[in-house]
Amino acid sequence: MSEPWWISAIKAFLIINLLLGMFAYMTWVERKVLGRMQLRYGPNRTGPFGLLQPIADLVKLIRKESFFPASAVDVLYIAAPVLSAFTALAAFSVIPFGAGWHIWKWDVSGVVVDVPISLVLLFALSSLGIYGFIVGGWASHSKYALLGSMRTCAQMVSYEVSLTFAVLGVVIMGHSLSLVDIVRTQHDTIWFIAPQFVGFLVFFIGGIAETNRPPFDLPEADTELVAGYHTEYSGMRFGLFQMGEYVNMITLSALSVTLFFGGWYGPWAPLGPLWFLIKLLLIIFVFMWIRATLPRLRYDQLMRFGWKVLLPVATINALVTAACVVAF
Amino acid sequence: MLRIFRGTGLSHRFAQERGAHVSPQPLESLRGFGVTFKQIFHKPITQQYPEYKRPVYPRFRGRHRLHRHQNGLEKCVGCSLCAAACPADCIRVVAEENTPDNRVSPGERYARIYEINMSRCIFCGYCELACPFDAITLGNEFELSEYSRDDLIYTKDMLLAEPIKKVPVADRDLYDTPIPYYKEHS
C-alpha cells in the first residue's frame with residue numbers, strides 16, 4: 001500500500017494534534033476521576049465542569065518564567081524535555097488506529113508509518129525518551145533531581161526487560177513484529193488477551209512502571225523527592241516533561257489495545273478508529289483507577305518485584321508460548 | 001523488669017519484622033479497587049465555599065468589634081489593658097482625657113486612637129478577656145482578605161461600625177453556654 005508522502009504528513013499532523021489535545025484533556029479527566037474517587041469534585045471553576053482547566057494550565061505554564069539553575073548544564077538542561085516530548089510523540093506514529101481507507105484515488109492506511117519492525121521501533125523510541133528524564137535530572141544539578149534520575153535509571157532498566165519479554169509472547173503468536181499484522185492476526189483468530197493473559201498482566205504492570213505512574217512513581221515521588229527529576233524545571237519545560245509522560249501513557253495504552261485487545265476491531269459493529277478510542281480510554285481509566293487506589297511502593301519492594309517476580313513470570317510466559325506455538 | 005505487651009495486631013507484626021519482607025496481600029489490594037470505584041457514585045462531600053458558607057459556631061472568634069453604651073458613649077476608656085494582654089502585640093491604643101465639651105466615653109479617658117493590625121492578630125481573644133468594660137469583643141466575621149497590608153490595620157471607626165459582611169452563624173442555643181467559663185469565676 002503506497003501512499004504519497006504528503007498523506008503521511010497530514011496524518012502525522014492530525015495525530016500529533018489529537019495526541020496533544022488528548023494529553024491536555026487527560027489531565028482534566030484524571031483530576032476529575034481522582035477527585036470523584038476521593039469524594040472531591042476536581043476542577044470545577046474554569047468553565048462548565050472545569051472544562052477550560054487545561055487551557056488555563058497551558059496559559060499559566062507558557063507565561064511562567066522558565067527558571068534556569070545557575071549551575072545547570074545548559075545544553076542538556078534545555079534539550080532533555082524536548083527529547084522526552086519528541087520521542088513520546090514520535091512513538092505513537094507506528095500505532096495503527098484503523099484498517100485503512102480508500103479516499104478518492106489514494107489509499108490511506110490507518111497508521112502514520114507502517115514499518116515491518118514497528119514494535120522494535122516503538123520500544124527503541126520510548127527507551128530513548130527515558131534519556132530525557134535521566135539527563136534532565138542530572139543536568140539540573142540538584143540533589144532531588146539527581147535522586148529522581150537515579151531512580152528513573154534503576155526502575156526503567158528493571159521494568160523495560162519485563163515489558164519487552166511480556167511482548168515476546170504476542171510476537172511469537174502473531175508471527176510478526178509489525179503492529180498492523182498483529183492486529184490482523186488477532187482479528188482472524190482471537191484477541192491475544194485470552195491466550196496471553198499473564199503476558200498482558202506483566203506488560204501492564206511493566207507499562208505502569210515505564211510511564212512513572214503510581215504506584216511506581218518513585219522517580220518523581222513528590223512526598224520524598226519534591227518532584228523528582230523535574231524538580232528544577234518550571235514553565236513550559238516542565239510542561240514538556242509532563243506532556244512526554246502523559247503521551248507515553250497514551251502510547252502504552254494504545255500499545256496494549258493493539259497487542260492484546262484487537263486494535264481497531266471491535267466485537268461487533270465495524271466502527272474502526274472509534275473502537276480503538278473506546279478501548280484506549282478504558283485502559284487509561286484503569287491507569288487512573290490504579291493511581292487512586294494503590295500506595296507507592298518502597299524502593300526495595302520495587303526492585304524485588306521487578307527482578308524476582310515480574311521477570312521470571314515474563315520469561316516463563318514467553319517460553320511456554322514458544323513451546324505451544326511450536327507444538328501445535 | 002517491665003515488659004510491655006503489644007497486641008497481636010498488625011503493629012506487632014510490623015514491629016517484629018521491621019525492614020523484613022512483608023508478604024503481599026493481592027486480595028486485599030483488589031478489594032481496595034472496589035472501594036475507590038464505589039466512591040465515584042457518591043456525592044462529593046466538598047463544600048463549595050464562596051457559594052455555600054458553612055455556619056460558624058456562635059463563639060467563633062473572628063473580626064473584632066468595639067461597642068458603645070446605649071446612650072451612644074463608647075465603652076472603651078483607653079486603659080490599654082487589651083494591648084498589654086495581646087500576645088501578638090497588634091493593638092495600639094492612644095488615650096486622651098475626656099473634657100466636658102468632648103465626652104466620648106463614660107470614664108476619665110477615652111481612646112483617641114484604637115488600631116488593630118489584623119495581619120498580626122492571632123484571634124486568641126485575650127483582648128476581650130482583659131477588657132474590664134466589655135468594650136471589645138470578637139465577632140464571627142472571618143472574610144478579612146485585603147489586597148494591601150495597610151488595609152488590614154483596622155481603625156477605631158471601622159471597629160465601631162457594624163461589619164458589612166454577614167456570616168451565617170449556627171443556632172446559638174445548640175452550642176452557646178450561657179455564661180463563659182472565665183466570667184463564671186471572676
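The following exchange between a biologist and a modeller concerns a predicted model.

Biologist: How many helices and strands does chain A have, and how compact is chain A for its 328 residues?

Modeller: From the N terminus on, the elements of chain A run α-α-α-β-β-α-α-α-α-α-α-α-α, which comes to eleven helices and two strands. The globule rule gives 20 Å for 328 residues, and the radius of gyration of chain A is close to that value at 20 Å, so chain A is as compact as a globular protein of that length.

Biologist: Is helix 4 of chain A roughly parallel or roughly antiparallel to helix 9 of chain A?

Modeller: The axes of helix 4 (residues 118-139) and helix 9 of chain A come within 12 Å and cross at roughly 155°. Angles over 145 degrees count as roughly antiparallel, and therefore helix 4 of chain A is, relative to helix 9 of chain A, roughly antiparallel.

Biologist: Which residues of helix 9 of chain A make that contact with helix 4 of chain A?

Modeller: By class, the contact of helix 4 of chain A with helix 9 of chain A has three nonpolar, six polar and no charged residues. Helix 4 of chain A contributes A:L122, A:S126, A:G129, A:G132 and A:G136, while the residues from helix 9 of chain A are A:F241, A:G244, A:N248 and A:L255.

Biologist: Is helix 9 of chain A oblique or roughly parallel to helix 10 of chain A?

Modeller: The axes of helix 9 (residues 235-260) and helix 10 (residues 273-293) of chain A come within 9 Å, and they cross at roughly 120°. Angles under 35 degrees would count as roughly parallel, and 65 to 115 as roughly perpendicular. The crossing angle therefore makes the relation of helix 9 of chain A to helix 10 of chain A oblique.

Biologist: Is the crossing of helix 9 and helix 10 of chain A left-handed or right-handed?

Modeller: Among the residues that meet here are A:M249 and A:I250 in helix 9 of chain A, and A:F276 and A:K279 in helix 10 of chain A. By class, this contact has nine nonpolar, two polar and one charged residues. The crossing of helix 9 of chain A past helix 10 of chain A is right-handed.

Biologist: Which strands of chain B stand at the edges of the open sheet with the order 2-3-5?

Modeller: In this open sheet of three strands, the pairing is antiparallel, and two bridges join strand 3 (residues 109-117) of chain B to strand 5 of chain B. One side of each edge strand is left without a neighbour in the sheet, because each has a single partner strand, and these edge strands of chain B are strand 2 (91-97) and strand 5 (153-154).

Methods: Residues numbered from 1 in each chain as written. Chains lettered and ligands numbered in written order. Predicted model: local features only at pLDDT ≥ 70, side-chain atom pairs only at ≥ 80, totals over all residues. Pairing = 2+ DSSP bridges. Helix = DSSP H or I, 4+ residues; strand = E, 2+ residues; numbered from the N terminus. Axes fitted to C-alpha atoms, helices over the stretch in contact; angles between N-to-C directions. Left-handed = near helix turned anticlockwise from the far one by under 90°. Contact = placed C-beta atoms within 7 Å. Nonpolar A, V, L, I, M, F, W, Y, C, P; charged D, E, K, R; others polar. Rg over C-alpha atoms; globule rule 2.2 N^0.38 Å.
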